[in-house]
Amino acid sequence: MDAVFGPRSFQNEIIWKRTGAHNDPDRYGANIDVLLFYAKEEKKVWNVFYRPHGAEYVARFRNKDADGRLWADDNLSAKGLSGGGYEYEYKGVKGYWRCPPDTMKRLDDEGKLHFTRAGGIRLKRYLDDTRGTVLQALWDDISPINSQAQERLGYPTQKPEALLERIVKASSNEGHLVLDPFCGCGTTIAVAERLNRRWIGIDITHLAITLMRHRLEDTFGSQLSPYEVIGDPKDLESARALAQDSQHEGRYQFEWWALGKVAARPAQDKKKGADTGIDGIINFFDDNTGKAKRIVIQVKSGGVKRGDIATLKGDMEREKSPIGVLITLEEPTRPMLQEAAAGGFYEPEHFPGLRYPRLQILTIEDLLSGKRIEYPRLAPEGTFKRAERKRKTTDGEQTQLL
């Protein structure tokens, strides 16, 4: 950060208390994250935000007007005040006051003077006249995403939208550009889109790109602004280059990219556990039972043969899947096509007349030209957890962040 912005651009170290007490053996419980706040002074945007007053502060406002407004009295005397004051009589009360006569009258007209039984004058400070406490460097009012949260998408490092909303709104205005160079499941860009900022999100995995696409489309629907994905294969040559890029786990990246083209979820983490032969799945509904059926998918970046269809059949039987799909970079052989055609059709029980090939082969060229898997789409798919639908908002709609 010093190298990018310069040491003099450092503004604050912010502590986010993301959870309660931790029982970490032999060390202090790690229940915080540290945020480093940098800003170029000549271009700095700083929008001040306020937190609601704490219970201890609110308890000071013990007095109540007839309309229910809470207030606390404050001193108007300038006795002992450095800089002096104003000596005069107001409504029979002589004193050495902090404000001149015209200000005293204005406060009286606004109903902000309290005439005490002892014959004094005090200032009435109303609780609802204060915006709250200016946001400090300790943020302990934003909870992490719990296991039941609507916004939870299952991404291991996912941050709560409230956290990113606070950061984006404090340091940018509508129309400004927000960059997240490690955007994971896209929380920052989803918040930036909702708050009418322009945005750039960067990630190195095609799995993350797929998650971001689903999140944006589920969240905003027709309100989603046009955007472009840069760096993913757009033709057969670039798809082949991705598959052959062994230095950057090209085989797995190619697999995730291909699965994303058909809106499938990876079946497993390739770095953990044994390979079951299934690369991706699609869950779909074609009846009223509420139980999803599953399409199993294999992705091949190298040469393919008839035996691959037999393997796919075995995976379908084991998983009780009505439809299996082979996605291949290379063209399938004639025996493969014949074997797939012999697999017959899946006919949904509750929808007579509809049928879909049980064994389907799609080439990367097919996907790039817009061809898709054939299967029932009679209800919303259950492959990915759907992000909560939200509408875009303006900065003026929310003046206080909780």
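Helices of at least four residues and strands of at least two are DSSP runs, numbered from the N terminus. The exercises below concern a predicted model.

**Exercise 1. Place Thr-187 in the secondary structure, determine whether Thr-187 is buried or exposed, and identify the partner of its side-chain polar contact.**

Solution.

Step 1. Thr-187 belongs to helix H5, which spans residues 187–194.

Step 2. The relative accessibility of Thr-187 is 5%. Buried means under 20%, and Thr-187 therefore counts as buried.

Step 3. Beyond its neighbours within four places in sequence, Thr-187 is in contact with Gln-158, Lys-159, Pro-160, Glu-161, Leu-164 and Arg-215.

Step 4. With one of these residues, Arg-215, the side chain of Thr-187 makes a polar contact, side chain to side chain, at 2.9 Å.

**Exercise 2. Describe the packing of H5 and H6 by angle, axis distance and handedness, and classify the residues of the contact.**

Solution.

Step 1. Two packed helices are described by the angle between their axes and the distance between the axes. For H5 and H6 the angle is about 30° and the axes are 10 Å apart.

Step 2. Angles under 35 degrees count as roughly parallel, and H5 and H6 are therefore roughly parallel to each other.

Step 3. The crossing of H5 and H6 is right-handed.

Step 4. H5 contributes Thr-187, Ile-189, Ala-190, Glu-193 and Arg-194 to the contact, while H6 contributes Met-212, Arg-215, Leu-216 and Phe-220.

Step 5. By class, the contact of H5 with H6 comprises five nonpolar residues, one polar and three charged.

**Exercise 3. Carry out the corresponding analysis for H6 and H8.**

Solution.

Step 1. Helix H6 covers residues 206–220 and helix H8 covers residues 250–261. Their packing angle is about 20°, with the axes 8 Å apart.

Step 2. H6 and H8 are therefore roughly parallel to each other.

Step 3. H6 passes H8 in a left-handed crossing.

Step 4. On the H6 side the contact is made by His-206, Leu-207 and Thr-210; on the H8 side, by Gln-253, Trp-256, Trp-257 and Gly-260.

Step 5. The contact of H6 with H8 has three nonpolar and four polar residues, and no charged residues.

**Exercise 4. State how the axes of H7 and H8 are arranged, and list the residues of H7 and H8 that make the contact.**

Solution.

Step 1. The axes of helix H7 (residues 236–243) and H8 come within 7 Å and cross at roughly 135°.

Step 2. That angle makes H7 oblique to H8.

Step 3. The contact involves Ala-239, Leu-242 and Ala-243 from H7, together with Gly-250, Arg-251, Gln-253, Phe-254 and Trp-257 from H8.

Step 4. Five residues of the contact of H7 with H8 are nonpolar, two are polar and one is charged.

**Exercise 5. Characterise the environment of Trp-16.**

Solution.

Step 1. Trp-16 is located in strand E1, residues 10–17.

Step 2. With 2% relative accessibility, Trp-16 counts as buried.

Step 3. Apart from neighbours within four places in sequence, the contacts of Trp-16 include Asn-31, Ile-32, Asp-33 and Leu-35, as well as Trp-139, Ile-142, Ser-143 and Pro-144. Lys-159, Pro-160 and Leu-163 are also in contact with Trp-16.

Step 4. Trp-16 and Ala-342 lie 326 residues apart in sequence, and their C-alpha atoms are 59 Å apart in space.

**Exercise 6. Find the loops that hold Asp-26 and Ala-263, and assign each residue as buried or exposed.**

Solution.

Step 1. Asp-26 lies in the loop between E1 and strand E2 (32–38). Its phi is near 65°, a positive value in a residue other than glycine.

Step 2. The relative accessible area of Asp-26 is 85%, so Asp-26 is exposed.

Step 3. Ala-263 lies in the loop between H8 and strand E14 (265–266). The phi of Ala-263 is near 55°, a positive value in a residue other than glycine.

Step 4. At 19% relative accessibility, Ala-263 counts as buried.

**Exercise 7. Describe the position, accessibility and contacts of Gly-120.**

Solution.

Step 1. Gly-120 occupies the loop between strand E8 (113–115) and strand E9 (121–126).

Step 2. Gly-120 has 24% relative accessibility and therefore counts as partly exposed.

Step 3. Leaving aside neighbours within four places in sequence, Gly-120 is in contact with His-114 and Phe-115.

Step 4. Gly-120 and Lys-94 are 26 residues apart along the chain, with their C-alpha atoms separated by 8.8 Å.

Definitions and conventions: Residues are numbered from 1 along each chain as its sequence is written. This is a predicted model: local features need pLDDT of at least 70, side-chain atom pairs count only at pLDDT 80 or more; totals for chains, interfaces and linings use all residues. Side-chain values use heavy atoms; hydrogens and water are left out. Axes are lines fitted to C-alpha atoms, for helices over the stretch in contact, and angles run from 0 to 180 degrees between N-to-C directions. Angles under 35 degrees count as roughly parallel, over 145 as roughly antiparallel, 65 to 115 as roughly perpendicular and the rest as oblique. A crossing is left-handed if the near helix is turned anticlockwise from the far one by less than a right angle, and right-handed if clockwise. Contact means heavy atoms within 4.5 Å. Ala, Val, Leu, Ile, Met, Phe, Trp, Tyr, Cys and Pro count as nonpolar, Asp, Glu, Lys and Arg as charged, and the others, Gly among them, as polar. Buried means under 20% relative accessible area, exposed over 50%, partly exposed in between (1.4 Å probe, protein chains only). A polar contact is a pair of N or O atoms within 3.5 Å; within protein, one must be able to donate a hydrogen and the other to accept it, and residues adjacent in sequence count only if both atoms are side-chain atoms.
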